[in-house]
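Reader: I would like a close look at a single part of this model, set against the protein as a whole. Please take one strand and describe its surroundings with care.

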Amino acid sequence: MTYRAPINDILLSLNHGAGLAAAVEAGYYGDFDGDITAAVLEEAGKFASDVLAPLNRVGDEHGIKLDNGKVTTAPGWPDAYQRWTAAGWNAVSGPEAFGGQGLPLAVNAACTEIWSASNVAFGLCPLLTLSAIEALDAHGSAELKKTYLEKLVTGEWTGTMQLTEPNAGSDVGALRTRAERAPDGTYRIKGTKIFITYGEHDMTDNIVHFVLARLPDAPSGTKGISLFLVPKFLVNADGSLGERNDIHASGVEHKLGMHASPTCTMTMGDKGGAIGYLIGEENQGMRCMFTMMNQARLGVGLEGVGIADRAYQQALAYAQERRQGKAIGKAIGHKSDGMDPIIVHPDVKRMLMQMRSMTAAARTICYATAVALDVSVRAKDTKVRAEAAARGALLTPIAKAFSTDIGNEVAYLGVQIHGGMGFIEETGAAQHYRDARITSIYEGTNGIQSIDLVTRKLGANGGASVWALLDELAAVIKQVETSNDPAFGTTGAKLRDAHAALERTSKWLLERLASAPNEALAGATPYLRLFAATLGGCMLAGEALAAKANGEAEPQRYVALARFFAENIAVQAPSLEKTVTESAEAVTGADAVLAG
């Protein structure tokens with residue numbers, strides 16, 4: 001089956017669950033006209049269905065080929081990319097001064113979900129370019145911006161992030177790539193990077209690499225890392241491409257999934273060193289790189305949402321068509337004409353509702369992160385910007401980790417609903433399962449996201465961001481409880497229990513961070529899940545209330561979705577609280593078991 005973007009669900013999530021409409025009304029988005037959002041997303045959905053989705057299976061089957069340092073992408077890939085840039089999709093949220101459309105990051109986030117759902121391996125390329133644009137715009141010199149930024153914004157050139165090395169994965173401070181100062185103010189970069197997504201390809205004339213390296217006199221660890229712009233081809237003074245730089249793909253990985261996305265080993269220095277240009281200041285590379293990584297982490301979270309939605313759509317269509325067994329409870333005297341579609345069976349309904357509700361919750365968490373990041377730079381009031389920046393920082397690890405976990409879990413259920421045919425490649429369900437797996441690993445493993453949430457984001461400003469968010473969620477719960485809509489079932493009560501569990505657990509962790517940090521770290525991953533389950537449940541309930549109040553078509557289906565999530569997912573919160581607060585010793589005291 002092909003992919004169809006769920007525009008109505010996306011708009012409800014974006015405008016009401018994530019708060020875009022309220023932020024626009026408050027004036028935080030300046031003169032942005034929120035009414036154009038639907039038109040942009042409709043066109044994005046058409047492009048995804050007509051151009052990208054048909055290439056998803058093609059890319060998975062053909063993969064990529066490396067020959068003499070050149071990567072050939074799958075059939076149709078270069079043409080699709082040219083159509084992509086010609087339609088302006090790469091420039092949606094880019095700065096207008098450099099050829100961008102200047103639309104909100106939140107709108108581009110919804111587009112990113114659509115690209116990821118239709119063809120996640122394709123969408124990876126512009127996702128990284130967007131991160132490169134953010135880093136260059138925030139930290140690059142005027143000269144570098146003039147030379148490179150417009151080409152990146154329009155998509156004429158693509159960008160990469162080069163952090164990982166064979167001995168330096170999550171521990172970036174251990175990297176060995178060296179940078180040496182040259183008399184002309186440039187630098188010579190020597191070293192090897194691995195796992196570089198779209199490090200080499202045939203879709204554009206030039207690739208702009210952002211490379212972390214260490215100067216000879218730099219401090220040890222992450223404090224001594226600098227960020228450099230290293231183009232595949234050097235750029236002449238008139239803007240034309242010059243000679244090939246000393247950087248090339250020396251290998252490509254053969255992977256579980258994402259077959260159409262080239263994952264390269266990049267080698268620099270075979271001919272004296274790749275010419276690089278400093279981004280920001282020397283030894284401040286991690287600060288610059290985090291500008292890229294935070295954007296990329298949100299983008300990867302949206303990949304999880306996209307894969308999940310595609311897997312759900314496919315599983316739903318299969319369940320409506322596949323006939324197996326007979327429905328229980330048919331009226332007496334009913335004469336069956338054969339087997340029924342498997343969607344009539346309660347356990348299949350349960351799996352489909354679990355897929356859809358978890359996808360919807362992850363979607364809104366990601367969109368809310370994007371709205372916060374937008375407001376942090378667009379609002380005029382400094383206090384509003386600061387609070388939005390803190391909210392965006394708090395939500396980023398949740399958006400990345402929860403959404404990619406959901407991508408994996410929903411894709412898993414998609415295979416299960418297909419039964420034996422899910423294990424067969426021709427149905428496509430297996431590809432979603434394979435593609436989703438990397439998302440919980442790259443751009444900072446989900447364990448690292450959980451640690452970031454507990455050690456940095458939870459206690460920031462004395463926990464002010466967490467308490468402010470909890471107050472907002474409590475208000476939503478009160479609205480559900482006072483709505484007196486029986487269709488909500490026990491949603492209000494379940495969300496109130498989850499909210500209380502999150503509040504108690506947050507306070508417990510803040511205390512343990514000071515007195516027993518290993519106990520706090522032992523519960524970091526279940527805490528993130530507890531946070532996301534509570535947050536997602538309240539957001540879905542808020543969307544359901546908005547759908548009823550705003551006269552959305554079939555509002556009760558959003559109520560039913562919120563109820564399912566509250567009574568099946570958010571209800572796990574008190575148990576997760578116990579895992580965090582009562583089971584730390586089961587982790588910290590496990591050395592004897594793990595030693596053998």
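Author: For the charge count used below, Lys and Arg are taken as positive and Asp and Glu as negative, while His and the chain ends are left out. On that basis the protein carries 54 positive and 66 negative charges, and the mean positions of the two sets lie 3 Å apart. The model is a predicted one, and the protein in it has 19 helices and 12 strands. Its radius of gyration is 24 Å, which agrees with the value near 25 Å that a compact globule of 596 residues would have. Of these 596 residues, 56% count as buried, and among contacts between residues at least 6 apart in sequence, 75% join residues at least 24 apart.

The part chosen for the close look is strand 6, which covers residues 207-214. Eight of its eight residues are buried, that is, under 20% relative accessible area, so the strand is largely enclosed by the rest of the structure. In a regular strand the side chains alternate between the two faces of the sheet. Here Ile207, His209, Val211 and Ala213 point one way, whereas Val208, Phe210, Leu212 and Arg214 point the other way, and all of them are buried.

Strand 6 pairs with strand 3 (residues 158-162) in the parallel sense over five bridges, and within this pairing Val208 is the bridge partner of Gly159. Strand 6 is also joined to strand 7 (residues 225-231), in this case by seven bridges and in the antiparallel sense, with Val211 standing opposite Phe228 of strand 7.

Note on methods
Residues numbered from 1 in each chain as written. Predicted model: local features only at pLDDT ≥ 70, side-chain atom pairs only at ≥ 80, totals over all residues. Heavy atoms only, no water. Buried < 20%, exposed > 50% of the residue type's maximum accessible area, 1.4 Å probe, protein only. Helix = DSSP H or I, 4+ residues; strand = E, 2+ residues; numbered from the N terminus. Pairing = 2+ DSSP bridges. Rg over C-alpha atoms; globule rule 2.2 N^0.38 Å. Contact = heavy atoms within 4.5 Å. Charge placed at Lys NZ, Arg CZ, Asp CG, Glu CD.
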